[in-house]
Amino acid sequence: MSDAETPSIDESELAEESVEDVLEEELPQPELLHGVPVSESRGQVVLHPSRDEYVALVSSLRELGYWMCVDLCGVDYLGYGAQRNLPAGVAPERFEVVVGLLNHTDRSRLRLRVQIPESDPQLATLFPLHPSVENPEREVFDMFGIRFDGHPDMSRILMPDEWIGHPLRKDYELGRIPVQFKGASTAR
Amino acid sequence: MGIVADVQADGLAGLEHNFLTGRVEDLIRWARSHSSWPATFGLACCAIEMMATGGPHYDLARFGMEVFRASPRQADIMIVAGRVSQKMAPVLRQIYDQMMEPKWVISMGVCASSGGMFNNYALVQGVDTIVPVDVYAPGCPPGPETLLQAIVTLHELIESGEIMRRRDVTGAGAGVHLDELQLPTSTALTIGTR
Amino acid sequence: MTSTDLTTLNSALTRLTSDESVLRLSETEAEQKSGYQAPTEEGLGERMIMNMGPQHPSTHGVLRLVLEMDGETITRSKPVIGYLHTGMEKTGEELTYLQGATNVTRMDYAAPLFNELVFSLAVEELLGIEVPDRGQWIRMLMSELNRMSSHLLFMATNGMDLGAVGMMLYGWREREEVLRFFEAVTGLRMNHNYIRPGGVAADLPGGWDEELSAILDVIPDRLAEFDLLMTGQPIWRERLQGVGVITAEEALSLGATGPILRSTGFAWDLRRDQPYLKYDQVEFDVIAGSFGDCFDRYAIRLAEIRESMRIVRQIIDKMPEGDYRVQDKKVTPPPRARIDESMEALIHHFKIFTEGFKVPEGEVYVAVESPRGELGCYIVSDGSSKPFRMHIRGPSFVNLQTLPHLMKDSFLADTVAIISSVDPIMGEVDR
């Protein structure tokens, strides 16, 4: 969201929702970059393509010089208490896939955040464009259960094949076991 | 007859070649403790310190242990150096089973000993749930000095026979028990025939 | 940088996305199929599927490789990982930001300070605080020394993997010199938890510069011994030159960074190209290779030790006076002396170490140049004192993807050289 506007509004007198209402009225259209909504986070540019725009966007960015897909990871926003930094028009979903692209010529970076609904956790793979996502996409599948369509080897990578559940989901327990300091009876 | 005469005159000092007496059991223990070869079972951070222990500064060769064996069949001590994941646990047990008796295990570092700071779904909380551990080396990672201390402790236990005694009593250890040979009682064995 | 363009990149892409070098077998299949493979109707001749690792002396920890071989030649392969999966990203969500550094430092255990650095930089970015100059220079000093110790470790293991067993002793001897300095500064030889959000844990001890100069005086002669033992040796060159070749386009497509990318001639180093800390104020060269083979990767690392020493010398001269951590009561615990005399300071100290400090909501990605390549940290904060999501982009994890392509059509004996030249640290791969 652009750093903005509300010069005439005294925030302390307004409830939070109404500030948002005003903002939405003033900004009906989100800012666009490369044809998709864009936001800024701590000075870093973040693009928010929809699932349908995702591959086409990465493809055109690759033509523009973003040759390397540096990073791909998942986030599970279940139970996230704070305000999600999303531009207007982008509906928050439970999962997000976050992709980092690097342009060596401009020495610039772009980050993509794709919303993935809980009911249908899947996304098209970037493998045909960036083979570097092979391991990261498998990791996201392993840890979050988000499937990548068209990935040549969509299997677990860190956990054993027969493992049940996706550990980095927020509703997956940490798996802590109580520590017993004495009185344990093990034959040694 | 000269030897007998010398011994009669000077006692044991009269012998041309000296000898020691002792029980075979003690001799074997002494030999075992001084040439116990470790298996290279480096897993994580501790493996780096384990290798450093083998390096020139700490010189594991002093304890007859510089020969890290890659094959478990040739190793006597398994130093579990690092965190053991759920995925690695079966592999670890398999390697342990492949080692020859007598064998010993040092659990190096808190992760191997108790799961350490990673009390979560991925790690085995203490390698002693998979294999019997003889000595625990604390630290994260234990410095080479700590590992050396653990090794010296283990050597003392081997030499005093403590470990084997305890295992006999508790029935612990690798859990390998040879069934007694069931020979037909009627067959007489005669020496010199087949 | 080389003249990479989209056309060459695309031609590399067709090669990389076809299955000609990657063996697509799941872990279970690989176990079942292990052994002799009869010729198939699709034209594949007699082959052998071999499982190498996860417990193998030359796989640098617990890497497992599934190799498909035609005689002595490797046709396809696949690295299988996860044997050291520690759940650090999950554990990281349970620890406060102050405790987080203890967690991440155990990822890349050959270069622990870089993990702490990237985590701290990300947290500071979210907090919006700037570490005082001295803190930044200390961080730079420690990370360059860590780069040296990490590369010295590589020299030792790379030498031993290839049969130069003596290198195991030499590499370790030099590494101990650096570790002794680390122990004096941080109290630990590894997993220091020294670089923390807000600065560093303690100031440098008195006489650090003399001690360091003494170390820097010793090491160059010993590096010359390395040259004598390895660089110039015909056997060494035979084993490494022309083995495990990769092009710049392939490396870019596979996401390879660090010495692997630089060995292809593509001089990309975050210290120079996206400077962090005070790297824009020191002089150093980015070392690039030209053939993209194992020898280049070895030579780059050897040269980087020398470059790091050059940087360290400049840091000794330029080290400013001042605070080593930010003087922000929200983030920084009070100094030890104040705790003895003031109840408020004690409470303050207690609160910071039990509850932690709150970090404003948001998300940020920060990257640094670790000895293995781009080490990134992505943190999502929900405004509490623990990260909502903490993700580490491990360079080894991504670099491992180059293995099947590097090993294509090479001999079995070369796998050892190739794995070693990628220099993966499994703790960081599996996290």
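1. Let's start with a cut-off: a residue is called buried under 20% relative accessible area, exposed over 50%, and partly exposed in between. Keep that handy while you look around, and keep in mind that this is a predicted model.

2. Now try the cut-off on a pair in chain A. Glu118(A) has 46% relative accessibility, so it counts as partly exposed. Its partner Arg94(A), at 8%, counts as buried. The two form a salt bridge, with the closest N and O atoms 2.9 Å apart. Glu118(A) sits in the loop between β6 (108–116) and β7 (122–124) of chain A, while Arg94(A) sits in the loop between β4 (68–76) and β5 (95–103), so the bridge ties together parts that are 24 residues apart in sequence. As background, side chains of opposite charge can pair when their charged atoms come close.

3. Chain B has a pair to set beside that one. The side chains of Glu25(B) and Arg23(B) meet in a salt bridge at 3.8 Å, N to O. Glu25(B) is partly exposed, with a relative accessible area of 41%, and Arg23(B), at 52%, counts as exposed.

4. How far apart in the chain are Glu369(C) and Arg262(C)? They are 107 residues apart, with Glu369(C) in strand β7 (residues 362–370) and Arg262(C) in helix α11 (residues 259–263) of chain C. Their side chains meet in a salt bridge at 2.9 Å, N to O, and both residues are buried. They also belong to one network of salt bridges with shared partners, which takes in Glu144(C), Arg147(C), Asp269(C), Arg271(C) and Glu304(C) as well. Over all chains, the search finds 51 salt bridges.

5. Step back to chain C as a whole. It has 19 helices and nine strands, and 65% of its 431 residues are buried. Among its contacts with a separation of 6 or more, 70% are between residues 24 or more positions apart. Chain C exposes about 14,300 Å², and carbon and sulfur atoms supply 52% of that.

6. Next, look at where chain C meets chain A. The contact takes 60 residues from chain C and 57 residues from chain A. About 5,000 Å² is buried between the two chains, with carbon and sulfur atoms giving 54%. On the chain C side, Lys90(C), Glu363(C) and Phe388(C) lose the most area to chain A, together 14% of what that side buries.

7. What about polar links across that interface? There are 30 residue pairs in polar contact between chain C and chain A, and the rule finds eight salt bridges there. One of them joins Lys78(C) and Asp153(A), at 3.0 Å, N to O. Helix α1 (residues 6–17) gives the largest share of the side of chain C that touches chain A, six residues. By class, that side has 26 nonpolar, 16 polar and 18 charged residues.

8. Last, some backbone spots to click on. A cis peptide bond joins Cys140(B) and Pro141(B), with omega about -10°, and Pro141(B) is in the loop between β4 (135–137) and α6 (144–160) of chain B. Asp59(B) has a positive phi, near 55°, although it isn't glycine; find it in the loop between α3 (45–54) and β2 (77–81). Asp423(C) also has a positive phi near 55°, in the loop between α18 (412–422) and α19 (426–430) of chain C. Buried or exposed, then, for Asp423(C)? Asp423(C) is buried at 3% relative accessible area, whereas Asp59(B) is partly exposed at 32%.

Methods:
Residues are numbered from 1 along each chain as its sequence is written. Chains are lettered from A and ligands numbered from 1 in the order in which they are written. This is a predicted model: local features need pLDDT of at least 70, side-chain atom pairs count only at pLDDT 80 or more; totals for chains, interfaces and linings use all residues. Side-chain values use heavy atoms; hydrogens and water are left out. Contact means heavy atoms within 4.5 Å. Buried area is the accessible area (1.4 Å probe) that two parts lose on being put together, summed over both. A salt bridge is a side-chain nitrogen of Lys or Arg within 4 Å of a carboxyl oxygen of Asp or Glu. A polar contact is a pair of N or O atoms within 3.5 Å; within protein, one must be able to donate a hydrogen and the other to accept it, and residues adjacent in sequence count only if both atoms are side-chain atoms. Helices (H or I, at least four residues) and strands (E, at least two) are DSSP runs, numbered from the N terminus. Ala, Val, Leu, Ile, Met, Phe, Trp, Tyr, Cys and Pro count as nonpolar, Asp, Glu, Lys and Arg as charged, and the others, Gly among them, as polar. Buried means under 20% relative accessible area, exposed over 50%, partly exposed in between (1.4 Å probe, protein chains only). Accessible areas come from the Shrake-Rupley method with a 1.4 Å probe; for residues, only the protein chains shown count as cover.
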